[in-house]
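Biologist: Please pick one part of this model and take me through it closely. Then set it against the rest, in short steps that a first-year student can follow.

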2 protein chains.
Amino acid sequence: MRNAPLLITYADRFAGDLRGIAQMLTGPLAGAFGGVHILPFYERIDGADAGFDPEDHTRVDARIGTWDDVADISQTHEVMADLIINHVSSDSEAFRDWLANGAASPYDGMFCTYEGVFDEGATNDELCAVYRPRPGMPFTKFFDHHGRQILLWTTFTSAQIDIDVESAQGAAYLDRVVDALANGGVTLVRLDAVGYAIKRRGTSCFMIPETYEFIADFADRCRARGMEVLVEIHGYYQSQIEVASRVDLVYDFGLPPLVLDAFFTGDTTVLRTWIDIRPTNCMTVLDTHDGIGVIDVATDVTDRAQPGLLSDERVAGLVDGISQRSGGTSGLATGAAAANLDIYQVNCAYYDALGRDDQQYLMARLLQFLLPGVPQVYYVGLLAGTNDIDLLAATGVGRDINRRYYDPHSLSEALAHPVVRRLVGLLRWRASTTIFDGTFTHLDAPPGRVALRWEAHGQVLDAELDVAAATFRMIDVDGTVIDDFAHFDDWS
Amino acid sequence: MRNAPLLITYADRFAGDLRGIAQMLTGPLAGAFGGVHILPFYERIDGADAGFDPEDHTRVDARIGTWDDVADISQTHEVMADLIINHVSSDSEAFRDWLANGAASPYDGMFCTYEGVFDEGATNDELCAVYRPRPGMPFTKFFDHHGRQILLWTTFTSAQIDIDVESAQGAAYLDRVVDALANGGVTLVRLDAVGYAIKRRGTSCFMIPETYEFIADFADRCRARGMEVLVEIHGYYQSQIEVASRVDLVYDFGLPPLVLDAFFTGDTTVLRTWIDIRPTNCMTVLDTHDGIGVIDVATDVTDRAQPGLLSDERVAGLVDGISQRSGGTSGLATGAAAANLDIYQVNCAYYDALGRDDQQYLMARLLQFLLPGVPQVYYVGLLAGTNDIDLLAATGVGRDINRRYYDPHSLSEALAHPVVRRLVGLLRWRASTTIFDGTFTHLDAPPGRVALRWEAHGQVLDAELDVAAATFRMIDVDGTVIDDFAHFDDWS
């Protein structure tokens, strides 16, 4: 994949539909992005989990376009798409058919049942061992075609039925999905929640050895169809490092909270530690459609003897700091509030998490773009969007606080905002500067600062960010000294 | 207990505190009520479930009064109190001590663990058999003092830890609570959620034979301390009838939805069937601190082959009708909306459920008061209160839509409202009319109507309610013809 920024966006919330995205990427945003991750655009985009519960993963939701529209985008930009490995909608044809017909259904075997794993029952220790990013047990009762109640694995919501990816029916289903994406012009596949795909009695059922094997095999199937694979896993930072060493590409979910921590405390120590140990086969993010990952930097939730990158006190300070800077709105959307079950994340627009401070926000983006990895920018972050309390109130879904809908008017208004113009300029600079394919060095720096260097072909780029003072100084490859984001006005 | 209306109210939301309740009962409401059910007034009234998750069930929350205040009320009115059998708060001293000290804790044994019931593990069928009025499994993970994860039974919220009432420690705890209530002047005890108290592997763990035995024994313990016992159980109507035949006193939870159904459809057929078969050792209600029970009149959720009093279509019409008449507000507070897990109830003020129609509302109350049983009136219903959208929005708890806080101003304003003045008059008439200790007859009536007769000591009271036309005609024991609620202005 190209070492150029990727946009991440919903098919419908940014520029109306797929054609709208294409027009933005080749029009107002030309040169800023090398690719785009379009969040689930399948039939249907508005289920129980905003498209992550597909009814038909092989079809494009007709309300936002067609496979031809996806192929059109892929002519000029890499297209990344979600491959939802772990589950389908409880309203999917496959699940409904199986519930109605049981063993006579062509989908018999495709779904994970409690009995399939715990055929003789599960003990306290077996149930407690199962890892889940939400409170409660990952099972939901359904009536089968005999009227008997059966428990299905539902790792996420009760409307998302886990697939038995090891079954012939599950494998055939995933093959159909891979074919559809490859035929549609997708070249990057994000394996959604793949860490939960394999269940084994007595284990955490999360990133166990068999899961790594499955990911390796499945990645081969994707590569055979010309697609690279990115693995999405939130979790304890040591696990993240372990996962990264065994797969092609991961997200750096530690970065968003650690950048905030550095700004909130004026202390870059933890951030600098992370820069030294973080995996570099990664996509860097500050924001995504999900929340800001606390789990990724905190004490191991499955073994509290394992300390996190941040102490418990400092995690509390992080969560409080986001709440304060966002005027309390993040608290409305996080944890037990607002029916949000993702207790390991804080839901908040990144621009709000930094108190809408343009200088700090652009410094955070600069830091993201300077670190090894391919930078990805969420559409709300691109537009310096703020928390959407109205959408949160309307849906009661915590994460909707950072899933704003733009219309042509609010979109062009946002693009004219000075902080957005400078961010677009910064993206164009990042996309067109080739030194990021070179060698990276994390330099020593005084407390409160971060110093980074890139070298390639005899050229050097040096940057020092004074997080405590919210200033920076960068010497570009041509010797230009940049210490003011006004510099990037020229690029916008 | 006296055959006179009971007020049901929170300690803090009606008249500020316990003294405020005493002043209302002997002042503006003198003669209207024979007793009062004060919702949980223990330490503390504002936990995770509005007092139904006590931290200390033997102490009065100091913010609303003392045991002396309870005793004062009991001088003039019967006092009914909740005895929360099934669980305590996860913040209670007992649970915290046990988590911290395990076998060394004096409370070791007091709580229901998964292992305690499913020592060798639970199968699909064993887990599916367990009845629960919410989606999801009734277990929550905690870390014990060894750092091991253990599953506790949490039938209601994860902050309410189920008590093993069969253990010595559980029994001792309940004895301490019984003593505290009896010493405090309580003469009526409502056994909260007692149907879930006994767990047995392979059963529904809900109103099993052992539960009946427990209730009988426990009722004896209460009676030995001078207290009568009321059992609170929502469920399929046949189960309700069965339960009623085996305990002293139950609620008629079928009445509230069936009265609405009759007004919405103009058809009294189902209501009249219920009048013929309903248990009469009951407390009649139209509203309580919980929602309007749909489960009590619908198809058996544990066996959909068992039809309810209302067909599925008519249940849908009931829920829709409440939503329409309440301007859509009930929908905000019910089901998956607003984090409300009580999917078997509709959350709505009864006055709003009848579209704030004074005539229909007073007719519904008249019908309630004319049926065998002791009528109980919820403080919001007494004051013809409407849905509290602000409180719902502030807490996200669906049931809070009908748990309004009154202050002295809003309380006196409500008492001056004509419909409230007539309702108070109707209550005084009901409290002072002795014929309701006599013989009840459900008479034939034309479609759309209900006709009822009471006879005692050679006196007769006849009433015919034309639900379809929203008119009524009653001939009182002294021959007075009453066909207008203005008649009760004289009593207010």
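**A turn residue and its sheet**

Modeller: B:His457 is exposed, with a relative accessible area of 74%. The cut-off for that word is over 50%. Keep in mind that this is a predicted model.

Where does B:His457 sit? Its place is in the loop between strand E18 (449-456) and strand E19 of chain B. Now look at the backbone. Phi of B:His457 is near 50 degrees, which is positive, and the residue is not glycine. Most residues other than glycine have a negative phi. That makes B:His457 a good starting point for a tour.

Step from the loop into the sheet. E18 and E19 belong to an open sheet of five strands in chain B. The order is E17-E18-E19-E20-E21, and the pairing is antiparallel. Strands of a sheet pair through backbone hydrogen bonds.

Which strands stand at the edges? They are E17 (439-443) and E21 (481-482) of chain B. Each has a single partner strand, so one side of each is left without a neighbour in the sheet.

Now go inside the sheet. Strand E19 of chain B covers residues 459-466, and strand E20 of chain B covers residues 471-475. Five bridges join them, and they run antiparallel. One pair is easy to find: B:Leu465 has B:Phe472 in E20(B) as its bridge partner. In a regular strand the side chains alternate between the two faces of the sheet.

Turn to chain A. An open sheet of five strands is found there too, with antiparallel pairing and the order E17-E18-E19-E20-E21. Strands E17 (439-443) and E21 (481-482) of chain A are at its edges; each has a single partner strand, so each has one side without a neighbour in the sheet. Here, look at E18 (residues 449-456) and E19 (residues 459-466) of chain A. Eight bridges join these antiparallel strands. Find A:Arg449, and you can trace across to its bridge partner in E19(A), A:Asp466.

Back in chain B, there is a hairpin to visit. Strands E7 (residues 139-143) and E8 (residues 149-153) of chain B pair in the antiparallel sense, over five bridges. B:Phe142 stands opposite B:Ile150 in E8(B). Five residues lie between E7(B) and E8(B). In that turn, B:Gly147 has a positive phi of about 85 degrees.

Next, a helix. Is helix H9 of chain B enclosed or open? Ten of its eleven residues (255-265) are buried, so H9(B) is largely enclosed by the rest of the structure. Buried means under 20% relative accessible area. Among the buried residues of H9(B) are B:Leu258, B:Val259, B:Leu260, B:Phe263 and B:Phe264. B:Asp261 is buried as well. After H9(B) comes B:Gly266, with a positive phi near 75 degrees.

Another helix of chain B, H17 (residues 408-415), holds B:Ser412. B:Ser412 is partly exposed, because its relative accessible area is 43%. Its C-alpha atom lies 9.6 Å from that of B:Leu383, although the two residues are 29 apart along the chain.

Some backbone features are worth a stop. A:Arg356 has a phi near 60 degrees, positive in a residue other than glycine. Look for A:Arg356 in the loop between helix H13 (350-353) and helix H14 (358-370) of chain A. A:Arg356 is partly exposed, at a relative accessible area of 46%.

Most peptide bonds are trans. The bond from A:Glu43 to A:Arg44 is cis, with omega near 0 degrees. A:Arg44 lies in the loop between strands E3 (42-43) and E4 (56-60) of chain A. In chain B, a cis peptide bond joins B:Glu43 and B:Arg44, with omega about 0 degrees. B:Arg44 is placed in the loop between E3 (42-43) and E4 (56-60) of chain B.

Finally, step back to view chain A whole. Chain A has 18 helices and 21 strands. Its radius of gyration is 22 Å, which agrees with the value near 23 Å for a compact globule of 492 residues. Of those 492 residues, 60% count as buried. Among contacts between residues at least 6 apart in the sequence of chain A, 68% join residues at least 24 apart.

Note on methods
Residues numbered from 1 in each chain as written. Chains lettered and ligands numbered in written order. Predicted model: local features only at pLDDT ≥ 70, side-chain atom pairs only at ≥ 80, totals over all residues. Heavy atoms only, no water. Helix = DSSP H or I, 4+ residues; strand = E, 2+ residues; numbered from the N terminus. Rg over C-alpha atoms; globule rule 2.2 N^0.38 Å. Buried < 20%, exposed > 50% of the residue type's maximum accessible area, 1.4 Å probe, protein only. Contact = heavy atoms within 4.5 Å. Pairing = 2+ DSSP bridges.
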